[in-house]
Amino acid sequence: MIRICKDNGRRVGLTTNGMLLNEKTIRKIIDLKLDILCVSLAGTTAATHNKIRQGTDFDLVMSNLERLSKIKHEMISPIPVLHMAYIMLKSNFHELKEFVPLAERLGVEQILANNLSLIVEPGLFAEALFNDTGRRDYYSEALEATKDAAKGKGIIFEYNSLDLNDNAPRCSENVCRSCVINVDGEVLPCIFVNPVLCMNQGLGDEKPATYLFKNASYPLKGSSFGNINHDSLAHIWHNTPYARFRDLFKIGALMEPGQFLSDLPDRCRNCYKRLMT
């Protein structure tokens with residue numbers, strides 16, 4: 001897939017948890033001229049990261065990223081440039097201040113701090129920063145301080161706002177210009193309606209998978225506009241249902257808020273990503 005995109009003159013990036021970045025894989029993605037490699041973390045210490053990102057190993061990820069830097073230097077390659085994503089939770093926010101020194105050491109060019117947006121367990125509700133309204137000023141000031149520290153090191157630092165806009169006519173997942181193709185070939189507007197994700201949440205439980213939005217629980221349903229095993233991506237992208245879906249967000253700013261919300265699918269209307277402008 002990387003080769004196909006590069007052969008067509010496109011920039012290519014991918015996001016990973018960093019666990020499989022062995023020497024063979026690193027040399028392969030450099031040979032393929034991958035432009036951007038983004039690694040997601042949930043802490044700057046092994047204790048915090050490993051607890052939140054269960055199944056991953058912070059120390060192994062750090063070792064892999066150091067290997068990436070070494071091999072890029074050896075192969076005289078400026079790419080892939082390294083980006084990092086940090087999932088911000090109430091329990092790991094205190095480690096964010098250490099993220100810039102860590103990023104500088106690893107040669108990271110850009111950091112994105114994300115809010116928790118898909119809440120599938122009641123215990124996670126309090127972990128979302130936008131639900132901790134009493135400390136809103138503390139979070140905002142710390143994020144701006146981190147942004148300034150990153151700028152001083154030549155690192156771009158961007159973060160999701162803690163202010164939620166109920167009538168936002170846009171989606172932060174950029175659904176008008178991007179899509180997701182899952183492992184089964186289903187074409188989705190975003191990862192949050194991935195049928196595979198929804199099935200995984202329901203494994204071993206007779207009850208339907210659900211998620212929390214504000215103070216209510218909703219069924220976690222998948223949504224697909226087609227499958228590349230049956231139709232071309234271009235055909236799926238331009239089919240009438242998918243085009244109508246994108247049009248809602250394209251003209252949303254010109255519509256009355258009530259009309260915009262009523263026309264949205266339930267899964268989009270009751271989604272924190274839509275509120276994060």
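Q: In this predicted model, which residue of β9 does F213 stand opposite?
A: Strands β8 (residues 210-213) and β9 (residues 216-219) pair in the antiparallel sense over 4 bridges. Across this pairing, the residue of β9 that stands opposite F213 is A216.

Q: Which residue in the turn between β8 and β9 has a positive phi?
A: The two strands form a hairpin with 2 residues between them. Most residues other than glycine have a negative phi. The exception in this turn, with a phi of about 60 degrees, is K214.

Q: Is K214 buried, partly exposed or exposed?
A: K214 lies in the loop between β8 and β9. Its relative accessibility is 35%. Buried requires under 20% and exposed over 50%, so K214 counts as partly exposed.

Q: What is the order of the strands in the open sheet of 5 strands?
A: The pairing in this sheet is parallel. Its edge strands, each of which pairs on one side only, are β1 (13-16) and β5 (156-159). The twist from one strand to the next averages 20 degrees. The order is β1-β2-β3-β4-β5.

Q: Which residue of β5 stands opposite L112?
A: Strand β4 (residues 108-115) runs parallel to β5, and 4 bridges join the two. The residue of β5 opposite L112 is E158.

Q: What angle does the direction of helix α6 make with that of β5?
A: Helix α6 (residues 136-152) packs on the sheet and touches β3 (81-88) as well as β5. The angle between the directions of α6 and β5 is about 160 degrees.

Q: Why is α4 described as oblique to α5?
A: Helix α4 (residues 58-74) and helix α5 (residues 99-106) have axes 10 Å apart and pack at about 40 degrees. Angles under 35 degrees count as roughly parallel, and 65 to 115 as roughly perpendicular. The angle of about 40 degrees fits neither class, which makes the arrangement of α4 and α5 oblique.

Q: How many charged residues are in the contact of α4 with α5?
A: Helix α4 contributes F58, M62, L65 and E66, while α5 contributes L102, R105 and L106. By class, 5 of these are nonpolar and none is polar. The number of charged residues is 2.

Q: Which element gives the most residues to the largest nonpolar core?
A: This core has 38 residues, and M62 and L65 touch the most other members. Outside its neighbours within four places in sequence, L65 is in contact with L21, V39, L82, M84 and L106. Elements giving two or more residues to the core include α2 (23-31), β2 (36-41) and α6. The most, 6 residues, come from α4.

Q: Is K72 buried or exposed?
A: K72 is found in helix α4. Leaving aside its neighbours within four places in sequence, K72 has contacts that include I30, P78 and V81. Its relative accessible area is 17%, and the cut-off for buried is under 20%, so K72 is buried.

Q: Which peptide bond has omega near 5 degrees?
A: Most peptide bonds are trans. P80, in the loop between α4 and β3, is one partner in a cis bond. That bond runs from I79 to P80.

Q: Is I76 buried or exposed?
A: I76 is found in the loop between α4 and β3. Although not a glycine, I76 has a positive phi of about 50 degrees. Its relative accessibility is 75%, so I76 counts as exposed.

Technical notes. Residues numbered from 1 in each chain as written. Predicted model: local features only at pLDDT ≥ 70, side-chain atom pairs only at ≥ 80, totals over all residues. Heavy atoms only, no water. Axes fitted to C-alpha atoms, helices over the stretch in contact; angles between N-to-C directions. Parallel < 35°, antiparallel > 145°, perpendicular 65-115°, else oblique. Contact = heavy atoms within 4.5 Å. Nonpolar A, V, L, I, M, F, W, Y, C, P; charged D, E, K, R; others polar. Pairing = 2+ DSSP bridges. Core = buried A, V, L, I, M, F, W, Y, C linked by side-chain atoms within 4.5 Å. Buried < 20%, exposed > 50% of the residue type's maximum accessible area, 1.4 Å probe, protein only.
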